[in-house]
Amino acid sequence: MSERMLLNRIKKLKELEAQQKAIEKQMEELKEDIKADMLERDLEEQQAGDFIVRWTKVLTGRFDSKAFQKEHESLYNQYVRKTESRRFSIA
């Protein structure tokens, strides 16, 4: 691939990434509007046409690996797995 072709593809990719960010921002704003309305009306579930909107509390338990590593470093090192991956970036 020539440098010009590569440059064109990078520019197109950057344009699409900018559009994606703008769309994601719009999506988040719409979600926040819906959540604010549901909070104002003290609802966790709401019917809207064919859709059911839920905004519920969820309780989860998560393992604190950083605290475990700090307190039990040798045991942590016995079970930690190293993985290799590749990262794509354009600067």
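Visitor: Is R54 buried or exposed?
Guide: In this predicted model, R54 is exposed, with a relative accessible area of 53%.

Visitor: And which side chain does R54 meet in a salt bridge?
Guide: The side chain of R54 meets that of E45, with 2.9 Å from N to O. E45 itself is partly exposed, at a relative accessible area of 46%, and R54 is also the bridge partner of E45 in β2, so this pair of residues is linked both through the strand pairing and through a salt bridge between the side chains, which fits the general point that side chains of opposite charge can pair when their charged atoms come close.

Visitor: In what sense do those strands pair?
Guide: Strand β1, residues 45-48, and strand β2, residues 51-54, pair in the antiparallel sense, over four bridges.

Visitor: How many residues sit between the strands in the hairpin?
Guide: The hairpin of β1 and β2 has two residues between its strands, and G49 takes a positive phi near 65° there.

Visitor: Back to salt bridges, how many turn up in the whole structure?
Guide: A search of the whole structure finds four salt bridges. Among them is the one between E32 and K35, where the closest N and O atoms are 3.4 Å apart, and another is formed by D37 with R41, where the closest N and O atoms are 3.0 Å apart.

Visitor: Where do E32 and K35 lie?
Guide: Both E32 and K35 lie in helix α1, and they are three residues apart, which is about one turn of the helix. E32 is partly exposed at a relative accessible area of 39%, and K35 likewise counts as partly exposed, at 25% relative accessibility.

Visitor: What about D37, how exposed is that one?
Guide: D37 counts as partly exposed, with 32% relative accessibility, and its salt-bridge partner R41 is partly exposed too, having a relative accessible area of 41%.

Visitor: Changing topic, which residues make the nonpolar surface patch?
Guide: The patch is made by M1, M5 and L6, and it covers about 320 Å². M5 is found in helix α1, which spans residues 3-40, and M5 is partly exposed with a relative accessible area of 42%, so it passes the cut-off of over 30% that patch residues need.

Visitor: How many aromatic pairs are there?
Guide: The count comes to one aromatic pair. F63 and F68 form that pair, and it is tilted, with 5.4 Å centre to centre and 55° between the planes.

Visitor: Are those two rings' residues buried or exposed?
Guide: F63 is exposed, with a relative accessible area of 63%, whereas F68 counts as partly exposed at 25% relative accessibility.

Visitor: Zooming out, what is the order of elements along the chain?
Guide: From the N terminus on, the elements run α-β-β-α-α, and the protein chain has three helices and two strands.

Visitor: And what radius of gyration does the chain have?
Guide: The protein chain has a radius of gyration of 23 Å, whereas a compact globule of 91 residues would have one near 12 Å. Taken along the principal axes, the C-alpha atoms fill a box of roughly 55 × 50 × 20 Å.

Visitor: What share of the residues is buried, then?
Guide: Buried residues make up 1% of the 91 residues in the protein chain.

Methods:
Residues numbered from 1 in each chain as written. Predicted model: local features only at pLDDT ≥ 70, side-chain atom pairs only at ≥ 80, totals over all residues. Heavy atoms only, no water. Pairing = 2+ DSSP bridges. Patch = residues over 30% accessible without salt bridge, like charges linked within 9 Å, V, L, I, M, F, W, Y side chains within 5 Å. Areas by Shrake-Rupley, 256 points an atom, 1.4 Å probe, with all protein chains shown as cover. Buried < 20%, exposed > 50% of the residue type's maximum accessible area, 1.4 Å probe, protein only. Phe/Tyr/Trp six-rings, centres within 6.5 Å; stacked < 30°, edge-to-face > 60°. Rg over C-alpha atoms; globule rule 2.2 N^0.38 Å.
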